[in-house]
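Here is a short report on one sheet and its surroundings. Look at the model first, then read on.

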Amino acid sequence: MWKKWNGIVGMILSASVIFAGCGVSNNQQEGSSLSDNQILRMSDTGELTTLDNTQAKDVPTMSVLNNVQEGLMRLGKEKKPEEGMATSYDISEDKKVYTFYLHEDAKWSDGKPVTAYDFEYGWKRALDPKTKSEYAYILFPIKNAARFNSGQASADEVGVKAKDDRTLVVTLEKPTLNFINMTTHVEYLPQRKDIVEKYKENYGLKPEYMVYNGPFVVSSWTQQKVELVKNEKYLDKNAVSLTKVDIHIIKDVAQGINLYNSNQLDTALLNQAFVDAFKQTPDYLEVKEASTVFIMLNQKHPFFRNEKIRKAITLALDREEMVQIMKDGSLPAGALIPPTLSGEGINSFRVNGEIVKPDVAKAKELFKQGLSELNLSAPPNNVVMVSYDSTAKRDVAVNIKDQLRKKLGWDIKLDAPTWKIHVDRLSRGDYDMGMLSWTADYDDPISHFEIWQSNNPMNFSGFKNAKYDLLIEQAKNTTDAKQQFKILLEAEKILTDVQGEGQAGFVPLFYSSKAYIQKPKVKDLYRHATGASYTLKWAYIVKDKK
């Protein structure tokens, strides 16, 4: 779960798959011929931590799993879930029962068939409280899943049953609009009971302790590099061109760029120090994420319980200055939900634009009124904002401090601890102001909204609004996408707006992006806004143009 509270990471967006490359959709277009060397060399900044999907909680791990395992559904090229191990599915009239039909030819890497029983076992193992899976909650739409996870029901009571080898019946607690999107998450992957029981506590710790049903298998895994090779038993192996993928673990961005420039990598991450050097080249690539960076205001602090103070901070900040510091394609945020998430249908949630925009004059007026209401002649000089220790976001924090000083005459202090301490302090409420971000795991804005509900354990700021809570519950319970969008728009205004019922419960800063460099010879490498960072299934290498 901590993956979502991350400055760069995130946590599965079917409606915002970002296409990298020149626009070819198969290996025969554009007059380019395939290279004889179908080896992709890429980098990641984080290590693979496990091959047991029930224990995955970071993006680098989820990204590898997304390419070596496959669920009933997977993210497709057309920005929506498509059938993976399933050939099709039916939905009951009351929208509570999903029946999935599996491919007859689906096999694990050792040649044994992939069955519905593997899915039933894998999902129930993820929910088993003994497994201690931090992402078990993503399975909670399933009937009795939450109760089993909390020890109040048995595994047999969970609403997932293999009817036979090829038929999986899933019963939900209530109709859930985005359940199919949820099944693309790694928590919904199948597992082989015989393999898990054979290796027990060592399951997932070495490549040889695993079987795979995705496009690739892990052939080697060290702290420095993960090697994937094509899975010849994969159901759709003819769609896979790459024979090998080397994922180099490189935490120093400069080192990755040096390897890229010396032709030892085909793609690498950029940061603000290097964006300008590559931005005008054909190698440059921006990927919009489903992530919003914001400031939480601890409402246990008397100063931030004042609504006018919160609104003044929101109105005082110029987000354009912040994205110019980031340089990676990030966009100014005037609301909670990033434009990469869907609203009604396939339209962006931000189809109606932003909610708040800078207004320094109004900010000064509200700040003065707020101080008066608090019987203060000047703002407190001991307020500390917990910020990031990474270069770009650390510089944004300095910019925020400077803007508040110039516009509101308020001098705050900054603290940039390590990421672990950062999250720990905010989760314990040991802060005044805190920079953070929230990233969606799949294409559904609900996960952004529910963390601000009064009783949500992720509500670190203590924001409380009874009408907001009610609206989010209504949105969760409706099966009408149009109605849900309308409800969520109203809830977002209560949380974000500085007018009407708006509470300015947090301070939006920017919608995150990532910047990469990638060789033009790399085609159809799909990068995602949330969850797993990339899909390698359709990627291929063309011959270099001389």
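## From β5 to β6

Strands β5 and β6 pair in the antiparallel sense, over five bridges. One of the matched pairs is Asp-90 with Thr-99, the latter in β6. The model is predicted.

## From β6 to β8

Strand β6 covers residues 97-102, and strand β8 covers residues 167-171. These two strands also run antiparallel, with five bridges between them. Here Thr-99 appears again: it stands opposite Val-169 in β8. Thr-99 thus has Asp-90 as a bridge partner and Val-169 opposite it in β8.

## From β8 to β7

Strand β7 spans residues 160-164 and pairs with β8 over four bridges, in the antiparallel sense. Asp-164 has Thr-167 of β8 as its bridge partner. What joins β7 to β8? A hairpin does, through two residues.

## The whole sheet

Put together, four strands form an open sheet. Their order is β5-β6-β8-β7, and the pairing is antiparallel. Why is one side of β5 and of β7 left without a neighbour in the sheet? Both strands stand at the edges and each has a single partner strand, so one side of each stays free of a neighbour there. Strand β5 comprises residues 86-91.

Neighbouring strands of the sheet are turned against each other by 20 degrees on average, direction ignored.

## The helix on the sheet

Helix α2, residues 116-127, packs on this sheet. The helix touches β6, β7 and β8. Its direction makes about 165 degrees with that of β7.

Key
Residues are numbered from 1 along each chain as its sequence is written. This is a predicted model: local features need pLDDT of at least 70, side-chain atom pairs count only at pLDDT 80 or more; totals for chains, interfaces and linings use all residues. Side-chain values use heavy atoms; hydrogens and water are left out. Two strands pair if DSSP finds at least two bridges between them. Axes are lines fitted to C-alpha atoms, for helices over the stretch in contact, and angles run from 0 to 180 degrees between N-to-C directions. Contact means heavy atoms within 4.5 Å.
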